[in-house]
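Visitor: I am new to this structure, and I would like to understand the reasons behind the words used for it. Could you take me through them slowly?

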Amino acid sequence: MTYGFDTLQIHAGARPDPATGARQTPIYQTTAYVFRDADHAAALFNLQEVGYIYSRLTNPTVAVLQERIATLEGGAGAVCCSSGHAAQIMALFPLMAPGRNVVVSTRLYGGTVTQFSQTIKRFGWSAKFVDFDDLAAVEAAIDDDTRAVFCESVANPGGYITDLPAIAGVADKAGLPLIVDNTSATPYLCRPIELGATLVVHSTTKYLTGNGTVTGGAIVDSGKFDWAASGKFPSMSEPEPAYHGLKFAETFGPLAFTFHSIAVGLRDLGMTMNPQAAHYTLMGIETLSLRMERHVANAVKLATWLETNPHVEAVTYAGLPSSPYASRVKTVCPKGAGALFTIALKGGYEACVTFVDSLELFSHVANLGDTRSLVIHSASTTHRQLTPEQQAAAGAAPNVVRISVGLEDAEDLIADLDQALAKAHG
Ligand SMILES: *Cc1c(COP(=O)(O)O)cnc(C)c1O
């Protein structure tokens, strides 16, 4: 029996609580779980039996969310963690080693650019930033030390859509896993695994939770990558010294990455999602498809209106027919290009600041994917640490404001934009 998306977003991974019959997934607010006896404990620690030991590794509430997200993405397994940025480190961790690199798109969330260009160097890892529209450049950037290719499906914030089938082709040819950040699109709009992704990462902080309550992240494994083929991924294919010599690929097959991320990643990095956060995200995910449809419909209305406004220089939304990426919507995100775009204002930096300060319904915050409509002036906030070149490449130049369209009445949002634009140009 295969169910549709709307059914799965409510039911996948959940079953009535075996102890009480509780229909909604309980919040298992516990750190540890009682072993039946010493043999049971040993079997759990040897990963011979699947069960609960300690909530840094696994927790029943978090486990339901993991299965829910894996199912919606069409993956073999998923691991949740404490934030989207934690998910990115956790995704790279089993693949990388000092001296290794990851080839990444220039069009990424600002925090990801900083994490990849600066922070991962402390681990001896590095990232090579490439224009992912230039497939020859992506191919040329891959060298013997490259261990992954990384991009966003619908990129935050520039209204950019990655040609995932083409990039997957390049990664495949090089025998490398493709990691896709699917935060802005969500599995409702885009299914990266069907388009060739090996791993999908999420900031569940955004649309999956949907109402700006908790931070969280997830890594979904397609289960399709052959970790042993190239000899480049010893943590997966060789005896893992961090887990008494266990060979994860051989032992767990399509679940190798998921088991490694729990048994070694969460155990030693400790970037664990707590059960309260999992509860909020489970509540949100039940209405994901309904919300995304309205987010997209509102975004199309606002972007269309803004495009004809005399104070607006440009709107970068792939959901507009005028976008250079409009043709990728059909293959990459057929149900819509998301609800996140940028506008470039006439009047530059000053006009942007007045505009943001004059909005009443939109909140000026460093977040996106909320029921509430949000704006941010990226150049003075999230993308502040980037060089002017990096800002421009990420779609966050000084005259650019990012808009995350919420679920309010589109007419009310347009009226608010109208009055704030008038003030910015008064
Ligand atoms: C927010 C975001 C992240 C980081 O997630 P956190 O939960 O804030 O750590 C990564 N990628 C994208 C596309 C995001 O929007």
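Guide: This is a predicted model, and a good place to begin is S203, where a polar side-chain atom lies 2.8 Å from an oxygen atom of the ligand.

Visitor: What makes that pair at S203, 2.8 Å from an oxygen atom of the ligand, a polar contact?

Guide: A polar contact is a pair of N or O atoms within 3.5 Å, so the pair at S203, at 2.8 Å, counts as one. By that cut-off the side chain of T205, with an N or O atom 2.7 Å from an oxygen atom of the ligand, also qualifies, and so does the side chain of K206, at 2.8 Å. The protein covers 92% of the 380 Å² of accessible area that the ligand has on its own.

Visitor: Which residues come nearest to the ligand, and which helix gives the largest share of the shell?

Guide: Of the 15 residues around the ligand, G84, D181, S203, T205 and K206 come nearest, while helix 4 (residues 84-92) gives the largest share of the shell, with three residues.

Visitor: Why are strand 1 and strand 3 said to stand at the edges of the sheet?

Guide: The open sheet has seven strands in the order 1-9-8-7-4-2-3, with mixed pairing. Strand 1 (77-81) and strand 3 (126-130) each have a single partner strand, so one side of each is left without a neighbour in the sheet.

Visitor: How do you know that strand 4 and strand 7 pair?

Guide: Pairing requires at least two bridges, and strand 4 (residues 146-152) and strand 7 (residues 178-181) have four, in the parallel sense, so they count as paired. In strand 7, D181 is the bridge partner of E152.

Methods:
Residues are numbered from 1 along each chain as its sequence is written. This is a predicted model: local features need pLDDT of at least 70, side-chain atom pairs count only at pLDDT 80 or more; totals for chains, interfaces and linings use all residues. Side-chain values use heavy atoms; hydrogens and water are left out. A residue is near a molecule or strand if one of its heavy atoms lies within 4 Å of it. A polar contact is a pair of N or O atoms within 3.5 Å; within protein, one must be able to donate a hydrogen and the other to accept it, and residues adjacent in sequence count only if both atoms are side-chain atoms. Accessible areas come from the Shrake-Rupley method with a 1.4 Å probe; for residues, only the protein chains shown count as cover.
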